[in-house]
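The following exercises concern contacts between the parts of a protein structure. Please attempt each task before reading its solution.

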Amino acid sequence: MNPNQTRKKDAESGAALDNKRIRSDFPILAQSINNHPLAYLDSAASSQRPQQVIDAIRHYYSHDHSNVHRGVHTLSHRATEAYEGTREKVRQFINAESTSEIVFTKGTTESINLVADSLGRDFSPGDEILISHMEHHSNIVPWQLLCEKNGTRLVVAPINNQGELLLDDCLGLISDKTRLIAITHVSNALGTINPVENLIIEARSRNIPVLVDGAQAIPHQAVDVRALDCDFYAFSSHKMCGPTGIGVLYGKQQWLDRMPPYQGGGDMILSVSFKETLYNELPYKFEAGTPNIAGAVGLGAAIDYLSEISMPAIAAYEAKLLTYATSAIGQLPGVELVGTAAKKAGVISFNIEGIHPHDIGTILDHQGVAIRTGHHCAMPVMEFFGIAGTARASLAFYNNEDDIDQLVTGLKLAIKMFQQ
Amino acid sequence: MSDKNRLMDLYRRSVLQHSREPKNFGRLESASLQAEGHNPLCGDKITVYLTLAGENIEEITFEGIGCAISLASASMMTETIKGKTILTAESTLSDVVDAFTHPEKPWDSDQHGELAALSGVRQYPSRIKCATLPWKTLSAAIAGNHQTISTE
């Protein structure tokens, strides 16, 4: 049985994933940093890539590259097949109804900007966009730009001290003027998994579209956009083991159909004359210019890779590792966890009394441990907790308890150094 | 240098002491000059206050939040600058920023006294801004610049 078949069998039988074998797929993890084995705990910023993704991109550039959608020659055909093949893989991965609803973008940020620019174009002064207090800057600033442009108002739903959305308050903020609800599925700074389902049910009854920022959810759990019934779902390839520079906007056809193009250029048109230009059909209407073809190839390989392991198996594995890590870090003297929601994905944000997060980050780096420090592009969250930033360890399915132990050893050294 | 020693070279005892109990920390109500500095990458903020007596910097304090490196740098800065003329202060701060940002040059310990304890930061490109933020803020205060200066 080859490794792929073994993986499939594991997934089908519900067996725990084989972390050792998975780690061997990620060449970057097999290195030393500052004379220590690398413990990469910064996957919420960007995940690492398995050899399968690296090979797919290499193969594409070595054998299949040309421009898509416009040539009659063999290479253009192959490139188009590869590019459109990934669109179908994405459709299956998130269970969208049609590939017309899968728009390739640069990433989550561009996906959100696309909706803000296009759907938001006919929002009026006094109309409202509802977001939450725990959004990443990329789900705040595009809406602020829109508000500046056409007088729309940004309404912010509150969170509690555990870093959970106050759902009732949030529902109470939906008004007759609400034109869109934009909310993160999983908070990058706190790890909170939001009850987006409940929000969507209420929004649906009032015919208000909901955009879900899925950047931090898509690598960690199975996402079914039809079961969620969201109107838009945005995510990035690089957080799910794929290349940087490509992401996805899922949008229900009913919205995408009526939305004007986001950018103009080649590929997004049917015909151009100086009198009249006809826009292309979905999803090409939103994909102006030569796309990131190699990025799509890599994303396709990443989806294959994740699907073989199975997202439910990844979610179950990471949940266990999160419990282990939370307990190990939480027991250290002076540690305060930031974000203690009942439902969390693999993010542990924390502060240690008397040690600034940047100093923690430098000391850990010396011991081969990569974490993120700072405000994590969520300054309103930091302001809510009255802190400048946090140290954040974030998990992926290629991490294991050894990584956590190495982190804890590093933190103990930091505490000791600062107690001198 | 072993890895652990390299770390100890960054976080020398005097650096940790200054960061724990910074000198001249707090708001200076009588300040005739002040400026705010910001490192948007980490959210650190610092305000530097000065009072002048003629051409002399009579008092200098700072307040804010920051990492051990930026707090120690600010604390040592106030001790270095206090009592100097504006002209000397300007030349000192320009020398210090230059020393921090040029790791290839040898550190002139005679010239910068206790600040030598911070010279280890030059091996950490991502942390040099922590050390220079207080000095750049001081420069803005002397120049009467009321806009928040930024490391970026």
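Four exercises with worked solutions follow, after a short note on conventions.

This is a predicted model, in which local features need pLDDT of at least 70, side-chain atom pairs count only at pLDDT 80 or more, and totals for chains, interfaces and linings use all residues. Residues are numbered from 1 along each chain as its sequence is written, chains are lettered from A in the order in which they are written, and side-chain values use heavy atoms, with hydrogens and water left out.

**Exercise 1. Describe the two domains of chain A and the contact between them.**

Step 1. Chain A is divided into domain 1 (3-48 + 310-419) and domain 2 (55-307); such bounds come from an automatic or database domain assignment. Taken over C-alpha atoms, the centres of the two domains are separated by 27 Å.

Step 2. To the contact (heavy atoms within 4.5 Å), domain 1 of chain A gives 38 residues and domain 2 of chain A gives 34 residues.

Step 3. Buried area is the accessible area (1.4 Å probe) that two parts lose on being put together, summed over both. Between domain 1 and domain 2 of chain A it is about 2900 Å², and carbon and sulfur atoms give 58% of this. More than any other three residues, A:Met311, A:Cys377 and A:Phe384 contribute to the area that domain 1 buries against domain 2, supplying 21%.

**Exercise 2. Determine which polar links and which elements occur at this domain contact.**

Step 1. A salt bridge requires a side-chain nitrogen of Lys or Arg within 4 Å of a carboxyl oxygen of Asp or Glu. The count between domain 1 and domain 2 of chain A is zero salt bridges.

Step 2. A polar contact is a pair of N or O atoms within 3.5 Å; within protein, one must be able to donate a hydrogen and the other to accept it, and residues adjacent in sequence count only if both atoms are side-chain atoms. Between the two domains of chain A there are 22 residue pairs in polar contact, both at pLDDT 80 or more.

Step 3. Helices (H or I, at least four residues) and strands (E, at least two) are DSSP runs, numbered from the N terminus. On the side of domain 1 that touches domain 2, α12 (311-330), β14 (347-352) and α14 (379-385) of chain A each supply at least two residues. The most comes from α14(A), with six residues.

**Exercise 3. Locate A:Val338 and state whether it is buried or exposed.**

Step 1. A:Val338 belongs to strand β13 (residues 335-338) of chain A.

Step 2. Buried means under 20% relative accessible area, exposed over 50%, and partly exposed in between (1.4 Å probe, protein chains only). A:Val338 has 5% relative accessibility and therefore counts as buried.

Step 3. Leaving aside residues up to four places away in sequence, A:Val338 touches several residues, among them A:Leu190, A:Phe350 and A:Ile387.

**Exercise 4. Describe the interface of chain B and chain A.**

Step 1. The contact takes 23 residues from chain B and 17 residues from chain A. The buried area is about 1800 Å², with 56% from carbon and sulfur atoms.

Step 2. The rule finds one salt bridge across this interface. B:Arg127 forms a salt bridge with A:Asp359, and their closest N and O atoms are 2.8 Å apart.

Step 3. Nine residue pairs are in polar contact across the interface of chain B and chain A, both at pLDDT 80 or more. On the side of chain B that touches chain A, the largest share, six residues, comes from α1(B).
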